[in-house]
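Here are some friendly notes to read alongside the coordinates. I have grouped them by region, so feel free to rotate the view as you go.

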Amino acid sequence: MLDKKRRINRGKEYGYLYKNGRRITGKYIIVFIKENNLAHNRFGIVTSKKIGNAVIRNRAKRQIREVIRKNLQLVRPGYNMVVIARFNIKEVIFELIEKDYLRIMKKASLY
RNA sequence: UUAUUUAUUCCUUUACAGUCCCUAAUACCUGAGGAAAGUCGGAGCUCCGCAGGGCAGGGUGCUGGAUAACGUCCAGUGGGGGCGACCCCAAGGAAAGUGCCACAGAAAUAAACCGCCGGGAGCGAAAGUUCUCUGGUAAGGAUGGAACGGUGAGGUAAGAGCUCACCAGCAGGCAGGUGACUGUCUGGCUAGGUAAACCCCACCUGGAGCAAGACCGAAUAGAGGAGCAGUGAGGUCGCCCGCCUCGCUCCCGGGUUAGGUCGCUGGAGGUGCUAGGCAACUAGCAUCCUAGAUAGAUGAUUAUCAAAUACAGAACUCCGCUUAUAGAUUUACUUGCUAC
């Protein structure tokens with residue numbers, strides 16, 4: 001699990017990011033990004049019921065969390081991000097998700 | 001365990017030392033299911049006015065037992081199915097009342113369409129035959145899921161439980177059984193189906209649910225004005241009674257996204273043995289037991305295990321039911337085939 005300070009856990013913050021954040025769409029994930037004026041990044045992960053049952057949703061969440069953890073040092077700090085899993089994430093292996101994530105970070109000039 | 005900061009204790013003071021909390025790093029330990037699922041039934045627990053009475057509403061529906069309880073389970077009874085092992089059934093009441101019974105058919109709780117028989121009238125010598133005539137008749141035909149018990153005999157103008165025998169069904173007695181019910185005798189002679197239609201009968205039923213609810217913290221402002229009412233308004237399902245609380249509405253002014261802790265897991269618990277019981281289950285003894293989160297949990301890579309994996313992830317707890325499923329395991333029996 002990520003540290004408590006690196007998590008987004010208020011429904012309102014998610015709503016704020018959807019409204020005001022920059023939206024970048026990848027092949028398997030969608031990311032909303034907004035500056036947060038902190039020395040670190042904060043993340044939220046969303047897996048909707050469209051993706052599948054609880055087992056599939058939890059697995060997708062774990063894999064996204066691992067991608068974020070693995071590349072924590074690479075990404076520039078000071079942003080809030082919401083990562084949304086798309087419905088086709090359940091069919092792909094870990095490396096492809098990681099590649100997708102890094103591509104989005106590059107596009108946002110955070111890497 | 002280490003480190004940093006802060007607070008506190010001790011002390012005249014300082015230092016050393018100790019304790020608690022927060023944060024970070026490291027190490028070690030622990031972490032889902034038979035269905036965790038669907039949320040269909042029941043219960044514990046919590047709060048609401050301790051929930052009292054009546055009506056309404058809802059539920060259950062063969063009998064006896066088990067259980068904290070149930071719409072669950074066990075053992076029976078009665079139906080139905082299967083060659084069989086065995087399986088299935090919301091299975092009370094239709095002589096309390098009402099409704100409905102499509103199409104077909106003359107008629108669907110009401111009967112005469114065809115037919116059969118007697119009488120009358122006409123025709124005819126008679127046999128007989130005809131009818132806008134009259135009466136009897138439910139045996140036969142035709143329709144239908146169902147036509148006012150069935151089969152046979154007597155009986156009759158023709159017929160008819162009109163009479164008799166057997167069968168089905170009904171009522172009552174007796175015997176057996178805790179009981180559902182079974183057996184038998186007697187009687188009168190027949191009573192359509194539908195209650196997952198209304199309904200009747202018996203029993204059960206207050207409501208909301210862990211986002212229940214409790215505590216701590218933060219913030220905190222109304223002796224303001226106007227109108228209305230006092231047979232008023234509100235109070236955790238509907239209506240009436242009973243009970244409890246309070247004036248109410250509008251305007252003006254003020255406040256409001258800050259959370260944390262508990263509830264939160266050891267319990268109607270699992271396993272084994274003994275005893276009781278046909279069984280469900282119960283009792284005693286022994287022994288075993290580690291999720292408890294709060295954006296909400298089993299990651300990535302490599303290796304290995306003989307090989308491989310379905311349905312699927314706890315959110316207060318438990319007992320059931322239902323549905324989804326790869327594989328593995330156990331016992332008893334039935335049927336078929338093959339061999340002896």
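What covers the buried residues of α2? That is a good place to start, and the points below begin with the answer.

1. The cover over the buried residues of α2 includes the strands β2 (29-35), β3 (42-46) and β4, together with helix α3. Please keep in mind throughout that this is a predicted model.

2. As for α2 itself, the helix runs over residues 54-70, which makes 17 residues. From first C-alpha to last it reaches 24 Å, close to the 24 Å expected at 1.5 Å a residue. Its buried residues are Arg57, Ala60, Gln63, Ile64, Val67 and Ile68. Looking down the axis of α2, you will find these buried residues within an arc of 140°, so they line one face of the helix. The general background is that an α-helix has 3.6 residues a turn, so residues three or four places apart point the same way.

3. Stepping back to the whole chain, chain A has three helices and four strands. Along the sequence they follow the pattern α-β-β-β-α-β-α. Of the 111 residues in chain A, 47% count as buried. Chain A exposes about 6900 Å², and carbon and sulfur atoms supply 50% of that area.

4. The contact pattern deserves a glance too. Taking the contacts in chain A with a separation of 6 or more, 79% are between residues 24 or more positions apart.

5. Now for the strands. β1 (22-25) and β2 form a hairpin, with three residues between them. Their pairing is antiparallel and extends over four bridges. If you want a register check here, Arg22 stands opposite Ile33 in β2.

6. In which sense do β3 and β4 pair, parallel or antiparallel? These two strands pair in the parallel sense, over five bridges. Here Val46 stands opposite Ile84 in β4. β3 is also mostly covered, with four of its five residues buried.

7. Helix α3 has 14 residues, and its reach from first C-alpha to last is 20 Å, close to the 20 Å expected at 1.5 Å a residue. The buried residues in α3 are Phe94, Ile97, Glu98, Asp100, Tyr101, Leu102, Ile104 and Met105. What covers them includes β1, β2, β3, α2 and β4. Just after the helix, Ser109 takes a positive phi of about 60°, a spot you may like to inspect.

8. Is Met105 buried or exposed? This residue is found in helix α3. Because buried means under 20% relative accessible area, Met105, at 0% relative accessibility, counts as buried. Met105 and Arg76 are 29 residues apart in sequence, while their C-alpha atoms are 9.2 Å apart in space.

9. Finally, have a look at Asn88, in the loop between β4 (79-85) and α3 (94-107). Which residues does Asn88 contact, leaving aside its neighbours within four places in sequence? They are Lys27 and Tyr28. The side chain of Asn88 reaches the backbone oxygen of Lys27 at 3.3 Å.

Conventions:
Residues are numbered from 1 along each chain as its sequence is written. Chains are lettered from A and ligands numbered from 1 in the order in which they are written. This is a predicted model: local features need pLDDT of at least 70, side-chain atom pairs count only at pLDDT 80 or more; totals for chains, interfaces and linings use all residues. Side-chain values use heavy atoms; hydrogens and water are left out. A polar contact is a pair of N or O atoms within 3.5 Å; within protein, one must be able to donate a hydrogen and the other to accept it, and residues adjacent in sequence count only if both atoms are side-chain atoms. Contact means heavy atoms within 4.5 Å. The expected span of a helix is 1.5 Å times one less than its number of residues. Buried means under 20% relative accessible area, exposed over 50%, partly exposed in between (1.4 Å probe, protein chains only). The arc is that of the directions from the helix axis to the C-beta atoms. Accessible areas come from the Shrake-Rupley method with a 1.4 Å probe; for residues, only the protein chains shown count as cover. Two strands pair if DSSP finds at least two bridges between them.
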